[in-house]
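Work through the exercises below with the model open. Try each task before reading its solution.

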Amino acid sequence: MSGSEVTREGLRGVRPGREATPGTEAGRRRGRGGRRAEQPMVPPAEFASYYGKPILNAPVWRSPDIPGYLFLGGLAGGSSLLAAGAQLTGRPGLARASKAAAASAVCLGLAGLVHDLGRPARFANMLRVFKVTSPMSVGSWILSGYVPAAGAAAACALTGRLPRAGAAATAAAAVLAPGLASYTAALFTDTAVPAWHDGYREMPFVFAGSAAVAAGGFGLLAAPLGESQPAHNLAVFGVATEAAAFERMMRRMGMAAETYRSGRAGAYIRAGQVLSALGAAGALLGRAADGRGRAISALSGVSLLAASAATRWGIFHAGLASARDPKYTVVPQRERREVRQRELTGTHGRATS
């Protein structure tokens, strides 16, 4: 082989006396001839950050305080709505149980929230201003109005005193209940955590459905069987709403949806789905059963309460997982940037033509 031939072969990436390797021009020519397939020479990209640190700061919220607050807030909000409906339709047993559940759940949830904050004064500091664009500010004011209303409604129902005041407190709690049950969804999706932020469209419906599941489950567990019809209906409605919204969220989110299917979060979500299906089936069966209807309704209620709790814990841990792994931040950003570039290029092309 002459010197000029050696030079040409070297420029083409082939060493003298050796076969052409995949990834070179000669190797690609041989691949097109069918004798050797082209092999990638660049390893798959690994998403990492400097010094192995996450790109996002992980949320400082802790378990069980915050996921417990999510579950108890949903239970309280759903129970207040159920209590108002039971009171209007003449079901005193269901109304009394739901009012007691609402007051107890919101007090326990508030205790968990304050414990996570570290000092009660931090919650009081949130009430210094009212900012419509801040889910935390709006939620703090909802809590400050809901807690006394739910407490007064439960006290009047359990003691049998001041029925008119109790009815007014029940109505006030029911008005604030939807905000209490769903504002935490806005609070979570207002962060930069991919598994939470990317589900901003459907997350409020998931939280509202989960709240209905919990409230319906407690009604089935605690109310007399003859008065549990609204709890059956609310539970089935909640299961259907949560399942439909969650499935739509998974299809739309893209890569961040992986965090809801794997690890600790995936285990919680799958458990919640199974328990929801069992609870809904038990609610329907208990309504039709005669002798064993009370036992079936109670078991269904426990299953639904556990399902709602599992969903909230799963959502919480999915957010933590997505904040720890940089790929859930980097890849969607690159995809959004490429989409914008294509849109700009198409707009510029149409303008020039």
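The exercises go from the overall fold to one helix pair and then to the core.

This is a predicted model, in which local features need pLDDT of at least 70 and side-chain atom pairs count only at pLDDT 80 or more, while totals for chains, interfaces and linings use all residues. Residues are numbered from 1 along each chain as its sequence is written, and side-chain values use heavy atoms, without hydrogens or water.

**Exercise 1. Count the helices and strands of the protein.**

Step 1. Take DSSP runs numbered from the N terminus: helices are H or I, at least four residues, and strands are E, at least two.
Step 2. The protein has 13 helices and zero strands.

**Exercise 2. Describe how helix 4 and helix 6 pack.**

Step 1. Fit axes to C-alpha atoms over the stretch in contact (heavy atoms within 4.5 Å). Angles run from 0 to 180 degrees between N-to-C directions.
Step 2. Helix 4 (residues 92-117) and helix 6 (residues 135-159) pack at about 140 degrees, with axes 8 Å apart.
Step 3. Helix 4 is therefore oblique to helix 6. Oblique is what remains outside under 35 degrees, over 145, and 65 to 115.
Step 4. List partners. Val106 and Leu110 are among the helix 4 residues that meet helix 6, where Leu143 and Tyr146 are among those met.

**Exercise 3. Find the residues that touch the most other members of the largest nonpolar core.**

Step 1. Collect buried (under 20% relative accessible area, 1.4 Å probe, protein chains only) Ala, Val, Leu, Ile, Met, Phe, Trp, Tyr and Cys residues joined through side-chain atoms within 4.5 Å.
Step 2. The core has 51 residues; Phe71, Leu143, Tyr146, Leu180, Trp196 and Tyr260 touch the most other members.
Step 3. Helix 12 (residues 293-324) gives the most to this core, with eight residues.

Methods: Buried < 20%, exposed > 50% of the residue type's maximum accessible area, 1.4 Å probe, protein only.
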